[in-house]
Amino acid sequence: GPTGAMAAILMSLVAAYGMDGVFIATLIAGIILLLAGILHLGKLTSFIPAPVITGFTSGIAVIIALGQVDNFFGTHSEGTSAIGKLFSYARLGFSPNLTAVGLVLFMVFFPKKWNAVVPASLVSIILTTAFSIFMQLDVAVVGEIPKTLIPENRLLFGALNLKTIGALVTPAFSIAILG
């Protein structure tokens, strides 16, 4: 669904404006969504052809999949585009971490029949994480688990200014449309 497109927009926002940009754009998107709800603008989505939505979503899926090659194989690449990263393997070498590949394959092929009771993807992630920690496997980790509900990085109203808001209206509109 729209989650993949949302991830692409948010990643570009983080790269250009940092987390403050994401917070401000999300606030603006929320205001846009409230106005759209009040004005009953959801009916406009019926005018977007299904092939356009499918093509857009499929394109984002391909970009995200190519961006996950490093994580799948437990390798490292360089470059800013997905294709550039793939070509960097020729220069850097390609030596997959078989432990990482095995863990990913377990998560991908975990039985989906559990979905009737609990999300199978969530169970596979929990089991894989527990197994990796218990066995002290040599695989990359995403980062630390937050220890508080109030993060250090959050929206500070002092960070709001007209120049930043103006620059973030277009990404905020994209976020609102996906919402």
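**Faces, pairs and pockets**

User: Which exposed residues does the face of α4 turned away from its buried side carry?

Analyst: That face carries Phe 87, Ala 90 and Arg 91, which are exposed. Exposed is over 50% relative accessible area, buried is under 20%, and partly exposed is in between, with a 1.4 Å probe and protein chains only. α4 is a helix, that is, a DSSP run of H or I of at least four residues, while strands are runs of E of at least two, and both are numbered from the N terminus. This is a predicted model, in which local features need pLDDT of at least 70 and side-chain atom pairs count only at pLDDT 80 or more, while totals for chains, interfaces and linings use all residues. Residues are numbered from 1 along each chain as its sequence is written, and side-chain values use heavy atoms, with hydrogens and water left out.

User: How do you know that the buried residues of α4 line one face of the helix?

Analyst: In α4, the buried residues are Ala 82, Ser 88 and Tyr 89. Looking down the axis of α4, these buried residues fall within an arc of 120 degrees, so they line one face; the arc is that of the directions from the helix axis to the C-beta atoms. They pack against α2 and α3, where contact means heavy atoms within 4.5 Å.

User: What makes the pair of Arg 91 and Glu 78 a salt bridge?

Analyst: Their side chains meet at 3.0 Å, N to O. A salt bridge needs a side-chain nitrogen of Lys or Arg within 4 Å of a carboxyl oxygen of Asp or Glu, so this pair qualifies. Arg 91 sits in α4 (residues 82–92) and Glu 78 in the loop between α3 and α4, 13 residues apart. A search of the whole structure finds 1 salt bridge.

User: Why is Arg 91 called exposed, and why does Glu 78 count as partly exposed?

Analyst: Arg 91 has a relative accessible area of 59%, so it passes the mark for exposed. Glu 78 stands at 37%, so it falls in the band between buried and exposed.

User: What is the phi of His 40, and what makes this residue exposed?

Analyst: The phi of His 40 is near 55 degrees, a positive value in a residue other than glycine. Most residues other than glycine have a negative phi. His 40 lies in the loop between α1 and α2, and its relative accessible area is 57%, so it is exposed. Gln 136, in the loop between α6 and α7, has a positive phi near 50 degrees; at 70% relative accessibility, it is exposed too.

User: How many residues line the largest pocket, and which lie nearest its centre?

Analyst: The lining has 31 residues, and Gln 68, Asn 71, Ala 140, Val 141 and Val 142 lie nearest the centre. On a 1 Å grid over the protein atoms alone, a pocket is an open set of points with protein on both sides within 12 Å along at least five of seven lines, whereas a cavity is a set where a 1.4 Å probe fits but cannot get out; lining residues have an atom within 4 Å of a point. The volume is about 1,100 Å³, meaning the space filled by probe spheres set on the points, which are joined across faces, edges and corners. α6 gives the largest share of the lining, 5 residues.
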